[in-house]
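Please look over the sequence and the structure shown below, and then follow the paragraphs that come after them. They begin with one residue and widen step by step to the whole chain.

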Amino acid sequence: MTAIEAPAAEFARNGFCLLPGALTRQQVKSLNDAIDDHQRHFGGLWQRRGEGGRQQCVTILLTHSVFDQSLLNPGVLPLVHHLVGDELVVEEHSVMVRPPMDGPPPAASWHRDRPHNPEHPLAIDALSVVYYLTDVDESTHCFSIVPESIEAKLNPSTQLTCDGSGAHDLLGPAGTALLFHAGSCHAGRLRQTRSERRTVHIYFGLASQPPLSNHTPIPARLVEHAEQEVRGLFRRPNDLTRAMLTQT
Ligand SMILES: O=C(O)CCC(=O)C(=O)O
């Protein structure tokens with residue numbers, strides 16, 4: 001099996017796969033340092049999103065190009081391309097910080113980010129890559145997902161519920177990448193913990209569809225990148241990116 005076949009088969013079986021060691025320790029450190037720096041200088045750009053104190057920033061690419069490696073990771077991108085296909089484009093990029101929690105955690109909020117796409121061979125409307133930038137284990141907050149096969153997703157008679165039954169908590173050391181089908185049922189599983197959890201969340205989609213959102217402005221250095229393959233990932237910018245690039 002090639003490096004792509006095993007995780008691709010796992011994705012087809014469960015709607016997600018884990019890639020341990022997708023970022024080196026040095027990369028994890030440089031991204032965490034950049035988050036510290038960003039919070040010091042641009043604290044107002046971190047949205048407080050409730051849900052147990054979740055903080056999220058969608059604009060870190062504008063000031064900290066070190067995050068480009070999360071979008072262009074040669075250990076992850078070929079698998080994403082294999083799963084999504086040639087229409088692959090970047091839709092969103094954000095960094096999430098979940099703070100330590102003193103008291104009992106709120107219940108998990110189970111949801112599907114996107115519908116299934118019957119026109120795509122893997123029912124993909126969007127696919128997400130999450131990087132753990134801190135160690136995630138049974139004592140920390142984690143990402144949790146209900147396994148669901150691509151076959152089930154493509155079968156119109158599948159009864160789709162999303163109450164968290166059968167969910168798997170996805171654990172792994174800092175540097176782990178998690179790929180998940182955005183049509184799958186998932187949630188942040190919060191715990192009473194002394195640890196902060198840091199993650200990068202990326203959504204990839206299809207160039208033939210309208211942008212998923214106007215959350216993330218993509219800087220000119222990526223949209224106008226010297227390498228055609230990289231430019232291709234940003235060839236269908238959202239309205240926010242278009243406005244930013246024409247006005248600046
Ligand atoms: O990683 C988490 O804590 C949950 C993220 C999530 O559910 C989402 O971004 O849709």
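In this predicted model, a useful place to start is Leu88, which has 20 other C-beta atoms within 10 Å and is therefore buried, since 20 or more such atoms is the cut-off for that class. Leu88 belongs to strand β4, and, when residues up to four places away in sequence are left out, it touches Val80, His81, Phe204 and Leu233. Across from Leu88, in strand β11, stands Leu206. The C-alpha atom of Leu88 is also separated by 6.3 Å from that of Ala207, although the two residues are 119 residues apart along the chain.

The strand that holds Leu88 can now be taken as a whole. Strand β4 spans residues 88-98, and nine of its 11 residues are buried, which leaves the strand mostly covered. On one hand, β4 pairs with strand β11, residues 197-206, in the antiparallel sense over 10 bridges, and within this pairing Val89 of the model stands opposite Gly205 in β11. On the other hand, β4 pairs with strand β3, residues 55-57, again in the antiparallel sense, over three bridges. Here Gln55 has Val97 of β4 as its bridge partner, while Gln56 stands opposite Met96 in β4.

Strand β11 deserves the same attention. Nine of the 10 residues of β11 are buried, so the strand is largely enclosed by the rest of the structure. Besides its pairing with β4, β11 pairs with β6 in the antiparallel sense over six bridges, and in that pairing Phe204 of β11 is the bridge partner of Leu127. Phe204 is also among the residues that Leu88 touches.

These pairings belong to a wider arrangement, an open sheet in which seven strands follow the order β1-β9-β6-β11-β4-β3-β2 with antiparallel pairing. At its edges stand β1 (16-19) and β2 (47-48), each of which has a single partner strand, so that one side of each is left without a neighbour in the sheet. Helix α1, made of residues 5-14, lies across β1 and β9 (177-181), and runs at about 145 degrees to β1.

A second open sheet has four strands in the order β5-β10-β7-β8, and its pairing is antiparallel. Its edges are taken by β5 and β8 (168-170), and because each has a single partner strand, one side of each is left without a neighbour in the sheet. Within this sheet, strand β7 (residues 142-145) is joined to β8 by three bridges, the two strands running antiparallel, and Ile145 stands opposite His168 in β8.

Between β5 (111-112) and β6 (127-132) there is a loop, and Ala123 is found in it. What is the phi of this residue, and is the residue buried or exposed? Phi of Ala123 is near 60 degrees, a positive value in a residue other than glycine. Most residues other than glycine have a negative phi. Ala123 is also buried, with 22 other C-beta atoms within 10 Å.

The next place to examine is the ligand. Which residues lie around the ligand? They are Asp113, Phe143, His186, Ala187, Gly188, Thr199 and His201. The elements that give two or more residues to this shell are β10 (185-189) and β11, and the largest share, three residues, comes from β10. Sorted by class, the shell has two nonpolar, four polar and one charged residues.

It remains to step back to the protein chain as a whole, whose secondary structure comes to eight helices and 11 strands. Its radius of gyration is 18 Å, close to the 18 Å that the globule rule gives for 248 residues, so the chain is as compact as a globular protein of that length. Taken along the principal axes, the C-alpha atoms fill a box of roughly 50 × 45 × 35 Å. Buried residues make up 36% of the 248 residues; Leu88 and Ala123 are among the buried ones. Of the contacts in the chain with a separation of 6 or more, 82% are between residues 24 or more positions apart.

How values were computed. Residues are numbered from 1 along each chain as its sequence is written. This is a predicted model: local features need pLDDT of at least 70, side-chain atom pairs count only at pLDDT 80 or more; totals for chains, interfaces and linings use all residues. A residue is buried if 20 or more other C-beta atoms lie within 10 Å of its own, exposed if 12 or fewer, and partly exposed in between; C-beta atoms are placed from the backbone. Two strands pair if DSSP finds at least two bridges between them. A residue is near a molecule or strand if its C-beta atom, placed from the backbone, lies within 6 Å of it. Ala, Val, Leu, Ile, Met, Phe, Trp, Tyr, Cys and Pro count as nonpolar, Asp, Glu, Lys and Arg as charged, and the others, Gly among them, as polar. The radius of gyration is taken over C-alpha atoms; the globule rule is 2.2 Å times the number of residues to the power 0.38. Two residues are in contact if their C-beta atoms, placed from the backbone, lie within 7 Å. Axes are lines fitted to C-alpha atoms, for helices over the stretch in contact, and angles run from 0 to 180 degrees between N-to-C directions.
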